Structure formats: structure tokens, C-alpha cells
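Visitor: Before we start, please show me the model, and then take me through the reasoning behind the labels that are put on its residues.

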Amino acid sequence: MESLTQKVALKFTKANFVPEKVTNRYFHRGNLVKLKSPTTTTITTITTTPTRNTPVFPPIFVSERAAVPRAGEEPELKTTRIRDPVSSADMASKDPILKDDRLARISSSIRVIPDFPKPGIMFQDITTLLLDTKAFKDTIDLFVERYKDKNISVVAGIEARGFIFGPPIALAIGAKFVPMRKPKKLPGEVISEEYSLEYGTDKIEMHVGAVQAGERALVVDDLIATGGTLAAAIRLLERVGVEVVECACLIELPELKGRDRLGDKPLFVLVSST
């Protein structure tokens with residue numbers, strides 16, 4: 001005869017829960033779900049750390065026994081919400097270590113200007129963040145705390161605002177800074193990578209010899225929108241044998257799905273603009 005725990009487990013299996021070998025452990029779309037005991041049938045989840053490939057799911061609801069059933073009756077079940085939706089973004093605000101007032105200050109210091117540079121664009125203006133010395137320092141500190149022990153030897157900054165955040169991060173973690181520029185901006189011999197725009201193409205360039213095969217790089221920009229420039233920077237570095245550890249941006253525009261163009265490279269952002 002099946003126990004109450006097993007019956008509840010079967011109910012959740014039909015709702016896309018996949019059973020493991022142990023009868024009281026189940027996985028729901030990558031999230032471990034446990035049935036704590038057959039007496040209370042309380043179910044809790046341990047949510048895995050979101051990654052760039054983690055899809056967005058609705059909140060998980062579970063059932064608990066509301067009262068002791070009479071003989072021959074099924075137990076009455078009530079539904080309880082046990083966690084919030086999982087975001088697909090690998091954001092600082094999802095990291096419990098970084099849940100502090102720094103993120104709120106950084107976010108509030110970024111000015112949004114509508115219809116610039118053309119109608120329909122909500123421009124994310126970071127110049128107001130640069131005027132706030134505390135918010136600017138907090139931004140750099142959060143990136144440094146993440147990358148200081150990652151054995152990164154190259155911080156590649158994308159023109160132009162990647163030049164603002166990249167150098168202080170590089171200095172703090174003991175890495176060199178490599179500017180990745182638009183065509184015909186660097187004076188020496190360059191290597192370039194082309195990428196697509198909405199209409200036409202563009203290129204990103206860096207000096208030949210600026211990096212060496214086997215080095216570990218962090219790619220930095222202020223914002224990721226469609227992801228074309230970041231993807232080109234990754235390809236350019238990998239062509240010369242550099243390992244790209246991660247991409248880091250202050251702001252993400254998630255509706256433009258730029259992180260989808262980065263392949264398997266992780267993306268770290270501080271602020272998600274909706």
C-alpha cells in the first residue's frame with residue numbers, strides 16, 4: 001500500500017517532476033524538491049544557482065495535508081507558494097553575497113533618458129553614476145570582489161564605456177587592460193573581428209601582441225543590448241588562444257536577448273533594465 005508521501009510524490013511526478021532513486025527526492029526542471037516526512041508531507045525546494053541557460057519558470061506551488069483524513073478518505077491538500085520565479089539572468093542581485101544596499105544605490109544613480117538618440121529608445125545614461133562617487137566606487141568594488149581570485153590576466157574593455165570600468169578593475173585585480181576599439185582607432189598592427197548590425201556590419205580591433213595564447217580574459221562593457229559587440233570580442237580573443245572567463249556589464253537590456261549571442265560564455269551584470 002502506498003504511503004501518503006508516495007501518493008503526493010506521484011502527483012508531482014505527473015506535473016513534470018522527475019523521481020530519483022531515493023523515494024523522497026525529486027527534481028522539478030533542475031530544482032531539487034524534497035518531501036520532508038510522511039507525517040507532515042511538507043515539501044520544500046532547494047533552488048539551484050541561476051545560470052545564463054536557466055529558463056524563467058512560474059512560481060512553484062506545493063501541497064500540504066490540511067487535516068487528518070477519515071478512514072478511507074484521501075487527505076485534503078492545500079496549495080502553498082514556496083519560491084519566486086527563477087530568473088535566467090546571472091545577476092549580482094541573485095547572489096546572496098551581494099544582496100546589499102550597493103546595488104540599489106547603483107541602480108538609482110543611472111539616469112534613463114527617453115527617445116534618445118532616436119524615438120523609442122530608453123537611453124541608459126551612466127554619466128550620472130560617474131558623478132556619484134559612492135555609486136561609482138561600489139560598482140568597481142562589486143566587479144573586483146567577483147574577479148580578484150579568478151586568475152585573470154587580461155581585462156578587455158570595449159569602446160567606449162568599457163574604457164571607464166575596465167581599467168580600475170584591471171588595476172585592482174592585477175591584470176593588464178586591453179582596449180578593443182572601433183576600426184582605424186589603433187595606431188599599430190591590429191587584428192579585427194566583424195559583427196552584424198541591424199543594417200550592415202562593423203568591426204572591433206585590438207593590437208597584435210596585446211595578449212598571449214593561454215591568458216585568461218574578462219571582457220567588460222557598460223551595457224549589453226543585442227550582444228553583437230561582446231560576441232565579436234569573445235571571438236577575437238579566442239582566435240589568438242585567449243580563454244575568455246566571463247563577460248561583465250553594468251546594465252543588461254534582457255528583452256533584446258543579447259546573452260543568447262554569447263554562446264556558452266557566462267555573463268555577469270549588476271542592473272537589469274526592464
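Guide: A residue is called buried under 20% relative accessible area, exposed over 50%, and partly exposed in between, with a 1.4 Å probe and protein chains only. This is a predicted model, in which local features need pLDDT of at least 70 and side-chain atom pairs count only at pLDDT 80 or more, while totals for chains, interfaces and linings use all residues. Residues are numbered from 1 along each chain as its sequence is written, and side-chain values use heavy atoms, with hydrogens and water left out.

Visitor: Why is Ile121 called partly exposed?

Guide: Ile121 has a relative accessible area of 32%, and because the label covers values between 20% and 50%, Ile121 counts as partly exposed. Its place is in the loop between strand E7 (111-114) and strand E8 (122-125), where helices (H or I, at least four residues) and strands (E, at least two) are DSSP runs numbered from the N terminus.

Visitor: What makes Glu159 and Arg181 a salt bridge?

Guide: The term requires a side-chain nitrogen of Lys or Arg within 4 Å of a carboxyl oxygen of Asp or Glu, and the side chains of Glu159 and Arg181 meet at 3.1 Å, N to O. The pair links distant parts of the chain, with Glu159 in the loop between strand E9 (154-158) and helix H5 (162-173), and Arg181 in the loop between strand E10 (176-180) and E11, 22 residues apart. Glu159 is buried because its relative accessible area is 18%, whereas Arg181, with 22%, is partly exposed.

Visitor: How do you know that Lys176 and Glu215 form a salt bridge, and which parts does the pair tie together?

Guide: Their side chains meet at 3.1 Å, N to O, so the pair satisfies the 4 Å rule. Lys176 lies in strand E10 and Glu215 in the loop between E12 and strand E13 (216-224), so the pair ties together parts that are 39 residues apart in sequence. Lys176 is partly exposed, with a relative accessible area of 31%, while Glu215 is buried, with 15%.

Visitor: What makes Glu243 and Arg216 a salt bridge?

Guide: Here the side chains meet at 3.2 Å, N to O, and the conclusion follows from the 4 Å rule. Glu243 is in strand E14 (residues 243-252) and Arg216 in strand E13, 27 residues apart. Glu243 counts as partly exposed because its relative accessibility is 41%, and Arg216 is partly exposed with 22%. By this rule the count comes to 14 salt bridges, and Glu193, Arg235 and Arg239 are linked in a network of them.

Visitor: Why is no salt bridge assigned to Glu205?

Guide: The nearest side chain of opposite charge, Lys203, is 5.7 Å away, so the 4 Å rule is not met; Lys and Arg count as positive and Asp and Glu as negative, while His and the chain ends are not counted. Glu205 is nevertheless buried, and it lies in strand E12 (residues 201-207).

Visitor: How do you know that E11 and E12 pair?

Guide: Two strands pair if DSSP finds at least two bridges between them, and E11 and E12 have 7 bridges, in the antiparallel sense. They form a hairpin with 4 residues between them, and Gly200 in the turn has a positive phi of about 95°. One of the bridges joins Tyr195 to Asp202 in E12.
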